[in-house]
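Here's a quick briefing to read with the model open in your viewer. It goes through the domains, the open and enclosed spaces, and a few spots in the backbone.

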Amino acid sequence: MLNGEKTIERPLRWGMVGGGRTGQVGYKHRTGALRDNTAYRLVAGAFDLDAERGRDFGTQLGVAEDRCYATYQDLITGEASRDDGVEVVSIATPNFTHYEITKACLEAGLHVICEKPLFFTVAECDEVARLAEDKGLIVGVTYGFSGHPLVHQMAAMVKKGMLGDIRIVDMQYTHGFNSGDDTDAGEAVKWRTNPETAGPTFVLGDIGTHLYYLSEVVLPHMKIEKLLCDRKAFIPTREPLEDHATVLTHYDNGARGRLWVSSVNAGHMGSQRYRFVGSRASLEWSDAHPDQLIYEVQGEPPRTLHHGMPYLEEESLAIDRMGALHTEGLGDSWANIYLWIAQAIDARQRGDDAFLKTHHYPGIAAGTEGVRWLENCVRSADKGSAWVDFH
């Protein structure tokens with residue numbers, strides 16, 4: 001069980017690009033990074049396109065005024081001149097800025113933690129992966145619920161063969177908050193529905209990549225052979241991007257998958273749901289009830305497994321934070337993700353390659369695979385929702 005004790009020698013000096021007062025994800029990043037108070041220390045930031053607002057916000061977070069910068073370029077330059085400059089930067093900005101900011105940070109010798117989807121193309125991901133490798137730096141990606149203990153309980157149960165051979169993968173992430181048109185929508189919606197700022201997808205990249213990565217965590221032995229993507233913009237002004245999509249998948253072991261993402265599921269408050277069906281048993285988990293995992297063995301009564309209980313696998317118990325009496329949610333998952341990335345950065349700084357070879361965290365490879373999945377989804381949809389080989 002995690003209780004906040006330090007797992008690295010000292011907190012990493014950490015800065016943020018974006019994530020300011022009007023942003024939607026900045027607090028999630030800070031909640032994750034600062035939960036333990038032993039992994040990161042927020043010392044700098046370029047928090048907002050409005051420099052004055054960003055400076056005011058940063059000082060309210062406790063960052064020194066002279067380390068609240070107007071631009072990410074100013075942050076890189078200003079921190080490079082300090083003996084106590086930042087070591088790692090989180091990028092919590094719109095999609096179209098991820099590539100240029102990540103490259104600039106890596107070229108300046110800084111580790112990076114970036115929002116998803118990582119970039120627009122696999123080619124960009126491969127280029128950045130080579131740059132990070134050449135520089136000896138870590139790139140982490142924040143896939144929200146992938147750090148939850150019951151996600152890793154599912155992975156452990158699949159690995160032990162408790163479900164038998166996996167046959168069906170059924171996943172859903174929907175909400176209704178974009179059911180109306182965008183006439184009075186805020187900037188956070190407008191940039192997500194503009195191909196120039198969001199990239200080639202809307203809901204597939206915004207929420208679908210969470211489903212895809214979590215399935216990779218639970219089912220690392222299974223690879224996609226081909227998929228079919230049907231996507232639609234029910235609000236016409238969002239075209240050519242989609243606010244609703246269904247993806248059918250064929251896996252290399254013969255399993256079949258179905259994934260539904262939508263932001264026009266009117267009246268639905270939003271949740272992720274995962275069901276993994278094997279030849280012997282099934283598992284079902286949803287972030288609407290994150291403390292419960294439903295385990296159903298064919299011919300036996302269903303069982304509800306609760307996080308933090310001693311009957312769970314060590315892979316789950318080792319990353320539990322609250323104990324069985326209290327619910328663990330998104331903030332705890334983010335804290336685990338940020339901790340794992342800090343441990344990877346610390347190992348890289350110490351030259352501990354053996355640790356990095358066995359250490360799990362969502363890194364550049366995870367970000368690349370998410371972009372690869374999006375490219376294949378778009379390719380299928382653009383061919384009239386045709387089956388395409390996954391590559």
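A cavity here is a set of grid points where a 1.4 Å probe fits but cannot get out, and a residue lines it if one of its atoms is within 4 Å of a point. Keep in mind that this is a predicted model. With that in hand, the residues that line the largest cavity are V169, M171, Y212, I224, V247, T249, Y251, G257, R258, L259 and W373.

**Domains and annotations**

- The domain assignment splits the protein chain into domain 1 (12-145 + 340-364) and domain 2 (149-324 + 369-389).
- In UniProt, an unreviewed entry puts "domain: Gfo/Idh/MocA-like oxidoreductase N-terminal" at residues 12-143. That span is 39% helix and 20% strand, and its end C-alpha atoms lie 21 Å apart.
- The unreviewed UniProt entry also has "domain: Gfo/Idh/MocA-like oxidoreductase C-terminal", covering residues 157-389. Here you get 34% helix and 25% strand, with 29 Å between the end C-alpha atoms.

**Where the two domains meet**

- Measure from centre to centre on the C-alpha atoms and domain 1 and domain 2 come out 26 Å apart.
- How many residues of domain 1 are in contact with domain 2? There are 22, and they touch 29 residues of domain 2.
- The two domains bury about 2,000 Å² between them, and 63% of that is on carbon and sulfur atoms.

**The second largest pocket**

- This pocket has a volume of about 1,100 Å³. It is lined by 43 residues, and the closest to its centre are Y213, V217, H359, H360 and Y361.
- α5 (122-135), α6 (149-159), α9 (203-218), α11 (330-350) and α13 (364-382) are the elements that give two or more residues to the pocket lining.
- Sorted by class, the pocket lining has 27 nonpolar, 9 polar and 7 charged residues.
- Why does the pocket lie between the domains? Domain 1 and domain 2 both give residues to its lining, so that is where it lies.

**Cavities**

- Searching the whole structure turns up 3 cavities of 30 Å³ or more.
- The largest cavity, the one whose lining is listed up top, has a volume of about 60 Å³. β6 (166-174), β8 (244-251) and β9 (256-262) each supply at least two of its lining residues. By class, that lining is 8 nonpolar, 2 polar and 1 charged.
- The second largest cavity has a volume of about 50 Å³. Its lining is N95, P117, F119, F120, A198, P200, T201, V371 and L374, which divides into 7 nonpolar, 2 polar and no charged residues.
- Like the pocket above, the second largest cavity takes lining residues from both domain 1 and domain 2, so it lies between them.

**Backbone spots to look at**

- Most peptide bonds are trans, and most residues other than glycine have a negative phi.
- P117, already met in the lining of the second largest cavity, follows a cis peptide bond from K116, with omega near -10 degrees. P117 sits in the loop between β4 (111-114) and α5.
- The peptide bond from E239 to P240 is cis too, with omega near 10 degrees. P240 is in the loop between β7 (224-232) and β8.
- N37 isn't a glycine, yet it has a positive phi of about 65 degrees. You'll find N37 in the loop between α1 (26-34) and β2 (40-46).

Technical notes
Residues are numbered from 1 along each chain as its sequence is written. This is a predicted model: local features need pLDDT of at least 70, side-chain atom pairs count only at pLDDT 80 or more; totals for chains, interfaces and linings use all residues. Side-chain values use heavy atoms; hydrogens and water are left out. UniProt positions are given in the numbering used here, feature names are shortened, and annotations may be inferred rather than shown by experiment. Helices (H or I, at least four residues) and strands (E, at least two) are DSSP runs, numbered from the N terminus. On a 1 Å grid over the protein atoms alone, a cavity is a set of points where a 1.4 Å probe fits but cannot get out, and a pocket is an open set with protein on both sides within 12 Å along at least five of seven lines; lining residues have an atom within 4 Å of a point. Grid points are joined across faces, edges and corners, and a volume is the space filled by probe spheres set on the points. Ala, Val, Leu, Ile, Met, Phe, Trp, Tyr, Cys and Pro count as nonpolar, Asp, Glu, Lys and Arg as charged, and the others, Gly among them, as polar. Domain bounds come from an automatic or database domain assignment. Contact means heavy atoms within 4.5 Å. Buried area is the accessible area (1.4 Å probe) that two parts lose on being put together, summed over both.
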